[in-house]
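Colleague: I am new to this structure and should like to learn how to read it. May we go through it together, feature by feature?

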Amino acid sequence: MQLNYKQQGQGPNVVLIHGLFGSLENLNVIAKPLSEHFNVINVDLRNHGLSPHSDEMNYPAMAQDIVELLAHLNIDKAHLVGHSMGGKVAMELALTHPELVNKLVVLDIAPVSYPARHTKILQALKAVSTQSIDDRKQADAIMQPYIEELGVRQFLLKSLAKNEEGHFAWRFNLNVLDEKYSTITSNVNENNSCLCDTLFIKGNDSDYILPEHRTAITARFKNTKAKIIHGAGHWLHAQKPLAVNKVINDFLTAV
């Protein structure tokens, strides 16, 4: 599958991989600063953004999409930076194709299975998709009873756009993301390990990475460091962009 991507900058290669319901636009806050020192490839995962839709939605398939993109760009090796679901895609790729990975940065996710966390969000998205709307303001009003947090609604609404028929619709493949949700929350490859230099960055206010996940992390990633971003939750790169960018840049440029 040929993913939609944006490439900018010069230097060592870095692939940025967004999370569930997102798009490459979500990681622009990381891409732009990194492009001063790196060749940054910011991607839309399958069923997201402007990339093709597919009924298949699992970590081996999403990782293979990145493998094929690297081959298409004639890139032999790259740093990987992934947030949330994108972090799991990056981990899956590092575990199954370690020869393609230089350094790995995982933003606020662990190599474990998670309980359902997005029930209300899926309900809100489906509520919007069943109604005819004229603008994002109407969509926001529909979502509000399900999602109290304005920031979450604003993030989701970035993926609402007019389709070829001129109607507002979700760019991501909502039906498949809903159908395959249990696969998305499942674990990554449990049989392999990776020796690449790895950095896990956790938002201090987030519960996505917990002390009990340490064993799972160190079992798969032998050369692991961790950083905590204070004053940030799961969306740490949006809440504390300067701090997150500094940590990523320092890690990727360290000899």
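**Reading the predicted model**

Modeller: The protein, shown here as a predicted model, exposes about 11,900 Å², and carbon and sulfur atoms supply 48% of that area. Of its 255 residues, 54% count as buried.

Colleague: How many helices and strands are there in the protein?

Modeller: The protein has eleven helices and nine strands. Its radius of gyration is 18 Å, close to the 18 Å that the globule rule gives for 255 residues, so the protein is as compact as a globular protein of that length. The C-alpha trace spans about 55 × 40 × 35 Å along the principal axes.

Colleague: What share of the contacts with a separation of 6 or more comes from residues 24 or more positions apart?

Modeller: Such residues account for 75% of those contacts. Asn39, in strand β3 (residues 39–43), offers a case to examine. Asn39 lies 27 residues from Pro12 in sequence, yet their C-alpha atoms are 5.7 Å apart in space. Beyond its neighbours within four places in sequence, Asn39 is in contact with several residues, among them Gln7, Gly11, Val14 and Ile75.

Colleague: Is Asn39 buried or exposed?

Modeller: A residue is called buried when its relative accessible area is under 20%. Asn39 has 10% relative accessibility and therefore counts as buried.

Colleague: How should one read the length and surroundings of helix α3?

Modeller: One compares the expected span with the model. At 1.5 Å a residue, the twelve residues of α3 (residues 85–96) should span 16 Å, and the end C-alpha atoms are 17 Å apart, which agrees. Eleven of these twelve residues are buried, so α3 is largely enclosed by the rest of the structure. The buried residues include Lys88 and Glu92 as well as Val89 and Leu93.

Colleague: Which residues of helix α4 are buried?

Modeller: A general idea helps here. An α-helix has 3.6 residues a turn, so residues three or four places apart point the same way. In α4 (residues 119–129), the buried residues are Ile121, Leu122, Ala124, Leu125, Ala127 and Val128.

Colleague: Against which elements do the buried residues of α4 pack?

Modeller: They pack against the helices α5 (136–143), α6 (150–157), α7 (174–179) and α8 (181–184), and against the strands β6 (160–162) and β7 (168–170).

Colleague: Finally, how many positive and negative side chains does the protein have?

Modeller: There are 24 positive and 26 negative side chains, and the centres of the two sets lie 6 Å apart.

Methods. Residues numbered from 1 in each chain as written. Predicted model: local features only at pLDDT ≥ 70, side-chain atom pairs only at ≥ 80, totals over all residues. Heavy atoms only, no water. Buried < 20%, exposed > 50% of the residue type's maximum accessible area, 1.4 Å probe, protein only. Helix = DSSP H or I, 4+ residues; strand = E, 2+ residues; numbered from the N terminus. Contact = heavy atoms within 4.5 Å. Rg over C-alpha atoms; globule rule 2.2 N^0.38 Å. Areas by Shrake-Rupley, 256 points an atom, 1.4 Å probe, with all protein chains shown as cover. Lys, Arg positive; Asp, Glu negative; His and termini not counted. Charge placed at Lys NZ, Arg CZ, Asp CG, Glu CD. Expected span 1.5 Å × (residues − 1).
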